[in-house]
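Work through the exercises below in order. Try each task before you read its solution.

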Amino acid sequence: MPEADHDGLPDYRAVGRHAVFPNADHDQTERFNFLARLNRHLASVVLPGVADAYRQRVEPAFEHAQGRKPAHRREARQALAAEPLYQTWSALRRNTMEMRQQAGLSLVLGQRDQLIGETRRLIDEGRLRLDPQVRIPHYLSAVDHHCMPGSYYTERTADDVTAAANYDAGMFVTTGGMLGRYTDGGGRGMVEYMRRRHPNWRPRRILDLGCGLGHNVLPIAEAFADAEVVAVDVAAPMLRYGAARAASLGVDNVVFAQADAADLAEFDAASFDWIQSTMFLHETSCRALRRIMSETRRMIAPGGFVIHIEQPQYDADMPIFEQVMRDWDAFNNNEPFWTKLHDVDLDQYMIDAGFERHELFHGGVTAVVDRELFPDAADDNAEDYGRKAAWHITGAHV
Amino acid sequence: MSEPFDAVALAGAKAKGKRPYFFKDADVERVLSIVMAVAGELAVTRMRLDTLEQLLIERGIVAEADIEDFAPNAAQRAERGRWQQEYLARILRIVQQEREAIARPHEPTSEAAGERLDDA
Ligand SMILES: C[S@@+](CC[C@H](N)C(=O)[O-])C[C@H]1O[C@@H](n2cnc3c(N)ncnc32)[C@H](O)[C@@H]1O
């Protein structure tokens, strides 16, 4: 038998660079390599054991005690909490997140002033619009999302970009390169999806909600280079870094604007042909979600598309064990709205916001990556549940 | 330039939100966390060593076989043996100390010793 191949993970050195990408020395690089492999090992070697334990120990014990199988995620989660293998996997996974944060933060804090200086130098005035009036929503400030100390928005000093630089530098660890060299596989997948279905469509104005540092909006902006793209986020460090990163990568049709996606009165009705959100809604709240949906209804131009991409919803067809695994980050990786978002009927939210049922559509997107170097989600069989590079589209074509 | 700050402390800062523990005993989880950090650093060091070896080979300073076939002489063997012994003693220190404690079952804690100092 041939020796098992190595896990196929690319080396951190293959990660795409740009002028504000933090420099990593030998050991900092290897720290990321170690953490990425550890994550991969947890997903492909340890987690299947948790699945076996569920089937062979947890579920039978539950059935023995209750006379039935777990009927809901909640019951299954409680039962799993006592399973030693689940405890080990969970403790290791949580710990890996914390190590990744420390590795990323120590990397970027050590070059903070250079990163800020380089960002200032690169930003083209017209491409960044900050608004100090924008308040950080309570659903962002309650806990630090995915155990990222200081979250997206903390400014440790004037013109700070460290939160964004840390997010960018360490993304490789969590996703094992599944999102591609520039962590933009989702955006590239989205472009492919639209091109295939609407080959002649040319949006003039595009709005990206909760853009972060612009990972997934840049491929869209590049694919529709004649379009004017507005990318909004509440977090100034992400926007500054995003604007500098875009400039460095030669993308010049995006304006990064500080704004709350739930209140976009500054933009006119029917003023965008494409409104996109990529892995954003799960970090909001029910109330914000309603307002975001109404704002998109108001701002979308006739003939335009509103598209949200997220992990698939929990529905009756999804096995309970899979639901528990997908829900892990909600409880254990500071994703407080994750459960709720994946439980609600998003179509109904859109209809309540004024979309017609016949305008709604659904679809799937998998990350499009440089296959020479990076694993392709479409042929990946290590299931890391909520972190898989494959998403569900909830959209409207008005 | 901006004001000085403690990058080491900041990098290790706790994220907002109470931390979940998964094991019955939080002490075990704390130890696991430290062990994994050490495991990570060991991997980093191993990679650094490999980098060095590769560079030495590439530049013709040593051949790969030189490393694989390396046979330490008597003095080197002794030195390496000593290193291994000390290394094991270092990482298993707590085992040594718990064993020494068996012989001294009646030792006071420092706190108890201190209390006795109140009237002595
Ligand atoms: C997971 S990140 C999104 C990633 C990004 N869309 C991408 O594709 O890389 C979530 C982002 O949403 C932002 N955010 C959260 N609530 C927001 C709101 N109400 N309005 C605008 N941005 C918000 C956060 O600051 C964060 O940058």
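Contact here means heavy atoms within 4.5 Å. Keep in mind that this is a predicted model.

**Exercise 1. The two domains of chain A**

Task: State where the domains of chain A lie, how far apart their centres are, and how many residues of each are in contact.

Solution:
- Step 1. Start with the bounds. Domain 1 of chain A covers 12–168, and domain 2 covers 179–397.
- Step 2. Take the C-alpha centres. Those of domain 1 and domain 2 of chain A are 19 Å apart.
- Step 3. Apply the contact rule. Domain 1 of chain A brings 63 residues to the contact, and domain 2 brings 58.
- Step 4. Turn to area. The two domains of chain A bury about 5200 Å² between them. Carbon and sulfur atoms account for 61% of this.
- Step 5. Find the main contributors on one side. In domain 1 of chain A, A:Arg73, A:Arg127 and A:Arg129 lose the most area to domain 2. Together they make up 16% of what that side buries.

**Exercise 2. Polar and charged links between the domains**

Task: Describe the salt bridges and polar contacts between domain 1 and domain 2 of chain A, then say which elements form the domain 1 side.

Solution:
- Step 1. Count the salt bridges. The rule finds seven across the interface of domain 1 and domain 2 of chain A.
- Step 2. Look at a salt bridge formed by A:Asp168. Its side chain meets that of A:Arg245, at 4.0 Å from N to O. The cut-off is within 4 Å.
- Step 3. Count the polar contacts. There are 25 residue pairs across this interface of domain 1 and domain 2 of chain A, both residues at pLDDT 80 or more.
- Step 4. Name the elements. Those giving two or more residues to the domain 1 side in chain A include helix H1 (26–66), helix H3 (84–109) and strand S1 (128–129).
- Step 5. Pick the top giver. H1(A) gives the most to this side of domain 1, with eight residues.
- Step 6. Sort by class. The domain 1 side of chain A that touches domain 2 has 37 nonpolar, eleven polar and 15 charged residues.

**Exercise 3. Chain A against chain B**

Task: Describe the interface of chain A and chain B by residues, area and links.

Solution:
- Step 1. Count residues. Chain A gives 36 to the contact and chain B gives 31.
- Step 2. Read the area. About 2800 Å² is buried between chain A and chain B, with 61% from carbon and sulfur atoms.
- Step 3. Count the links. Three salt bridges cross the interface of chain A and chain B. In a salt bridge, B:Arg48 pairs with A:Asp27 through their side chains, at 3.0 Å from N to O. Eight residue pairs are in polar contact across the interface of chain A and chain B, both at pLDDT 80 or more.
- Step 4. Locate the elements. On the chain A side, H1, H3, H4 and helix H12 (328–332) each give two or more residues. The largest share, 14 residues, comes from H3(A).
- Step 5. Sort by class. The side of chain A that touches chain B has 15 nonpolar, twelve polar and nine charged residues.

**Exercise 4. Around the ligand**

Task: Which residues come nearest to the ligand?

Solution:
- Step 1. Of the 20 residues around the ligand, A:Tyr139, A:Gly210, A:Asn216, A:Asp233 and A:Thr278 come nearest.
- Step 2. Check the side chains. A:Asn216 has a polar side-chain atom 2.6 Å from a ligand oxygen atom. For A:Asp233, a polar side-chain atom also lies 2.6 Å from an oxygen atom of the ligand.
- Step 3. Check the backbone. A polar backbone atom of A:Thr278 is 2.8 Å from a nitrogen atom of the ligand.

How values were computed:
Residues are numbered from 1 along each chain as its sequence is written. Chains are lettered from A and ligands numbered from 1 in the order in which they are written. This is a predicted model: local features need pLDDT of at least 70, side-chain atom pairs count only at pLDDT 80 or more; totals for chains, interfaces and linings use all residues. Side-chain values use heavy atoms; hydrogens and water are left out. Domain bounds come from an automatic or database domain assignment. Buried area is the accessible area (1.4 Å probe) that two parts lose on being put together, summed over both. A polar contact is a pair of N or O atoms within 3.5 Å; within protein, one must be able to donate a hydrogen and the other to accept it, and residues adjacent in sequence count only if both atoms are side-chain atoms. Helices (H or I, at least four residues) and strands (E, at least two) are DSSP runs, numbered from the N terminus. Ala, Val, Leu, Ile, Met, Phe, Trp, Tyr, Cys and Pro count as nonpolar, Asp, Glu, Lys and Arg as charged, and the others, Gly among them, as polar. A residue is near a molecule or strand if one of its heavy atoms lies within 4 Å of it.
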